[in-house]
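Trainee: I would like to go through this model label by label and ask what justifies each one. Could we set every value against its definition before drawing a conclusion?

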Amino acid sequence: MFRISSSLHVPPIGVNFLFPFLKNPTCSNKVSSFTRLALLHSSTLLPNSGNIQFPSCKRVLTMVGGSPSCLRGISASYSAGTSPGGSSAGGREILVQHLLVREELLPGLQKRAAEGEDLSDLAVEYSMCPSSKDGGMLGWVKKGQLLPEFEEAAFSAPLNKVVKCKTDIGWHLLQVLSEREESVLEHIQPSEIHVKLQDPSFLEEAQLIDVREPDEVAQASLPGFQVLPLRQFGSWGPEITTKFDPQKDTYVLCHHGMRSLQVAKWLQTQGFRKVFNVAGGIHEYAVKVDPSIPTY
């Protein structure tokens, strides 16, 4: 579907970076393949937070067979995570699915949902939101990410009850499927991870992931990290929650800390409770902590 970019260094994803690509889909070939997957997962309801939300494994596999035309008419959607140097913690997240529909269809669809029809099936057939391809699934969201009217309805809705609300973009039927405490993403400095790596118990308990390519790892590596090359995301992504425990602390490493940040954010969407991005990557580790590690 896409021309695979030779660059794997993804710039920080914020509003100013995304809008040119969302307005002009022909520019999307300038973004790394992993970021383009994130762009395609955009929805119309998440305008206010600063970082892209990554697609589910199922969604990634679906998009592989899609078309760049999917980008047309998609508004920016972002998932609050952490900006460099920050972290996100506390609060409540909810798992939401919804339909965006014309007003004249609302009463009939609401009646069908009340009679037991699956909202995801109705979303595939009737929803005008790009999330319809996922059965209306928006994924895990938290306060501050959603349009105000949608947020008020979603965070006050009883679990599994279908409710309606109106926003500036139209009428919605929404359903909250689950809730949980908000996950945490933090940046850890090379000096901090260095101290931890000296503790044998840390190597036994923590989950360490290196998302660089094999040729990069051959040049420089840190002990204990399991290599999951980003270019091979399609092979390891669907199995991430079976190979790793989402309840354990997970540390992600790359060359300069950009690819690892993108994967760390995606891990949050997969239910990982506490994720650490190694700031500056192995390059900064080599420069500031251990000069015996080669730089490249």
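**Labels and their cut-offs**

Trainee: How many salt bridges does the count come to by the rule?

Mentor: The count comes to nine salt bridges, where the rule asks for a side-chain nitrogen of Lys or Arg within 4 Å of a carboxyl oxygen of Asp or Glu. This is a predicted model, in which local features need pLDDT of at least 70 and side-chain atom pairs count only at pLDDT 80 or more, while totals for chains, interfaces and linings use all residues. Residues are numbered from 1 along each chain as its sequence is written, and side-chain values use heavy atoms, with hydrogens and water left out.

Trainee: What makes E93 and R180 a salt bridge?

Mentor: The closest N and O atoms of E93 and R180 are 2.7 Å apart, and that value satisfies the distance rule, so the label holds. The two residues are 87 positions apart in sequence, with E93 in strand β2 and R180 in strand β5; strands here are DSSP runs of E with at least two residues, helices are runs of H or I with at least four, and both are numbered from the N terminus.

Trainee: Why does R180 count as buried?

Mentor: Buried means under 20% relative accessible area, exposed means over 50%, and partly exposed lies in between (1.4 Å probe, protein chains only). R180 has a relative accessibility of 17% and therefore counts as buried, and its partner E93, with a relative accessible area of 8%, is buried too.

Trainee: Which salt bridge does E104 form, and how is it recognised?

Mentor: E104 pairs with R102, the closest N and O atoms being 2.9 Å apart. E104 counts as exposed because its relative accessibility is 57%, whereas R102, at 44%, counts as partly exposed. A further case is K111 with E115, whose side chains meet at 2.5 Å, N to O, and both of these residues are exposed.

Trainee: What is found over the face of W140?

Mentor: R180 lies there, at 4.0 Å from the ring centre. The label asks for NZ of Lys or CZ of Arg within 6 Å of the ring centre and within 35 degrees of the ring normal. R180 thus takes part in this arrangement with W140 and also in the salt bridge with E93.

Trainee: Why is the pair of F202 and Y251 called edge-to-face?

Mentor: There are five aromatic pairs in the structure. In one of them, F202 and Y251 are 5.1 Å centre to centre with 75 degrees between the planes. Rings of Phe, Tyr and Trp (its six-membered ring) pair if their centres lie within 6.5 Å, and planes under 30 degrees apart count as stacked, over 60 as edge-to-face and the rest as tilted, so the angle decides the name. F202 lies in helix α8 (residues 200-205) and Y251 in strand β9 (residues 250-253), so this pair ties together parts that are 49 residues apart in sequence.

Trainee: How do you know that the pair of Y251 and F276 is stacked?

Mentor: Their planes make 10 degrees, at 4.5 Å centre to centre, and the angle falls in the stacked class, so that name applies. This pair links strand β9 with strand β10 (residues 274-278), 25 residues apart. Y251 counts as buried because its relative accessibility is 2%, and F276 is buried as well, with a relative accessible area of 8%. Ring pairs link F202, Y251 and F276 into a cluster.

Trainee: What is the order of the strands in the open sheet, and why do some stand at the edges?

Mentor: The order is β3-β2-β5-β4, with antiparallel pairing. β3 (137-142) and β4 each have a single partner strand, so one side of each is left without a neighbour in the sheet. Two strands pair if DSSP finds at least two bridges between them; six bridges join β4 to β5 (residues 170-181), so the requirement is met. One of the partnerships between these strands is V163 with L174.

Trainee: What is unusual about the phi of N160?

Mentor: Most residues other than glycine have a negative phi. N160 has a positive phi of about 70 degrees although it is not a glycine. It is found in the loop between α6 (148-156) and β4 (162-167), and at 46% relative accessibility N160 counts as partly exposed.
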